[in-house]
Amino acid sequence: MRVEIAKALVRELALDAYMPGYPGLETPGGFSFQCALASGIELCRQLSRRYRRIHAAGHSWGAFVAINAHRALGDGAGRLVLLSGLLELRHEEDVRKFLPYYLANFPQVFGPAERAFARAFADLDAARRSGSPSAPAERMSAETLLIVHGRRDAEIPADSSRRFHARAGGRYVELDADHGYTRALPLLSAVVRSFFSGG
């Protein structure tokens, strides 16, 4: 989730917010999808010792992590927010389609794209097999699940969130925005705050 939104939730709704960093982002080639997934789940499990209810939220790849962390919480799971989420990694071909853009545009994370593909593919495909968020076990209510996507998202098509919503239920909001909500961040923040406040 965007830090600006997390701060607004703390300030306006008195929710505690934790934003974990992903291990390995500082070293080209050091990031691992599997480690990021495991660390997100472990953080939520640790927090569940302190809080009765844990909400999970994530943007893009973070939505994949959030779904799996939410699922791992069991009865302690609260609300779930998925922002322009990577919600369709059902087959190896989905992984192959997803990776090229990110390898080309984030060499500081993955290293040179031509050398990174095989390792990144194996890593993300293993994460897909262990935690693919094709749908929750039961359909979720509009009070429990919020899915937001930008119509102008060139990185993860809005169709993927529409299909996930059809399977999972919840509340679906589509904004006139790109993947990073460049000019729609205030509106996105208002939507998320309204969801958490019960509006």
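This dialogue walks through several features of a predicted model, from its nonpolar cores to a pocket and a few individual residues.

Visitor: Before we look at single residues, which residues of the largest nonpolar core touch the most other members?

Guide: The general idea is that in soluble globular proteins, nonpolar side chains tend to be buried together. In this predicted model, the largest nonpolar core has 29 residues, and those touching the most other members are Phe33, Trp61, Leu99, Phe110 and Leu124. At least two residues of this core come from each of α2 (33-47), α3 (61-73), α4 (92-105), α5 (107-110) and α6 (113-131), and α2 provides the largest share, with six residues.

Visitor: Taking Phe110 as an example, which residues does it touch once those up to four places away in sequence are set aside?

Guide: Phe110 is in contact with Gly29, Phe31, Phe33, Tyr102, Leu103, Ala116, Arg119 and Ala120 under that restriction. There is also a second, separate core of 17 residues, with Val148, Ala184, Val192 and Phe195 among them.

Visitor: How should I read a polar residue such as Asn68, and is it buried or exposed?

Guide: For a polar side chain, one looks at accessibility together with the polar partners. Asn68 is found in helix α3 and counts as buried because its relative accessibility is 7%, under the 20% cut-off. A polar atom of its side chain lies 2.8 Å from the backbone oxygen of Phe64, while its contacts beyond four places in sequence are Leu37, Ile41 and Gly131.

Visitor: His70 lies in helix α3 as well; which backbone oxygen lies 2.8 Å from a polar atom of its side chain?

Guide: That backbone oxygen belongs to Gly78. His70 is buried, with a relative accessible area of 11%, and, leaving out residues up to four places away in sequence, it touches Ala56, Ala77, Gly78, Arg79, Leu80 and Met140. As a reading of backbone separation, the C-alpha atoms of His70 and Ser48 are 11 Å apart, with their positions 22 residues apart along the chain.

Visitor: Turning to another histidine, where is His149 found, and what does its side chain reach at 2.7 Å?

Guide: His149 is found in strand β3 (residues 145-150), and its side chain reaches the backbone oxygen of Ile156 at 2.7 Å. The side chain of His149 also makes a polar contact with the side chain of Ser161, again listed at 2.7 Å. With a relative accessibility of 0%, His149 counts as buried. Its contacts beyond four places in sequence include Ser84, Gly85, Pro157, Tyr172, Glu174 and Tyr181.

Visitor: How does one describe a pocket, and which residues lie nearest the centre of the second largest one?

Guide: A useful description gives the volume, the lining residues and the elements that supply them. Here the second largest pocket has a volume of about 280 Å³, and of the 17 residues that line it, Glu88, Asp94, Lys97, Phe98 and Pro157 lie nearest its centre. The elements giving two or more residues to this lining are α4 and α7 (158-168), with α4 supplying the largest share, five residues. By character, the lining of the second largest pocket divides into eight nonpolar, two polar and seven charged residues.

Visitor: Backbone torsions are another thing I would check; what is the phi of Ala14, and is that residue buried or exposed?

Guide: When reading torsions, one can note a positive phi in a residue other than glycine and then see where that residue sits. Ala14 has a positive phi near 60 degrees, and it lies in the loop between α1 (3-13) and α2. Ala14 is exposed, because its relative accessible area is 67% and the cut-off is over 50%. Ser60, likewise not a glycine, has a positive phi of about 60 degrees and is found in the loop between β1 (54-59) and α3; at 9% relative accessibility, however, Ser60 counts as buried.

Visitor: Finally, what separates the C-alpha atoms of Phe106 and Pro28?

Guide: The general idea is to set distance in space beside separation along the chain. The C-alpha atoms of Phe106 and Pro28 are separated by 9.2 Å, although the two residues are 78 residues apart along the chain. Phe106 is found in the loop between α4 and α5 and is partly exposed, with a relative accessible area of 30%.

Definitions and conventions
Residues are numbered from 1 along each chain as its sequence is written. This is a predicted model: local features need pLDDT of at least 70, side-chain atom pairs count only at pLDDT 80 or more; totals for chains, interfaces and linings use all residues. Side-chain values use heavy atoms; hydrogens and water are left out. A nonpolar core is a set of buried Ala, Val, Leu, Ile, Met, Phe, Trp, Tyr and Cys residues joined through side-chain atoms within 4.5 Å. Buried means under 20% relative accessible area, exposed over 50%, partly exposed in between (1.4 Å probe, protein chains only). Helices (H or I, at least four residues) and strands (E, at least two) are DSSP runs, numbered from the N terminus. Contact means heavy atoms within 4.5 Å. A polar contact is a pair of N or O atoms within 3.5 Å; within protein, one must be able to donate a hydrogen and the other to accept it, and residues adjacent in sequence count only if both atoms are side-chain atoms. On a 1 Å grid over the protein atoms alone, a cavity is a set of points where a 1.4 Å probe fits but cannot get out, and a pocket is an open set with protein on both sides within 12 Å along at least five of seven lines; lining residues have an atom within 4 Å of a point. Grid points are joined across faces, edges and corners, and a volume is the space filled by probe spheres set on the points. Ala, Val, Leu, Ile, Met, Phe, Trp, Tyr, Cys and Pro count as nonpolar, Asp, Glu, Lys and Arg as charged, and the others, Gly among them, as polar.
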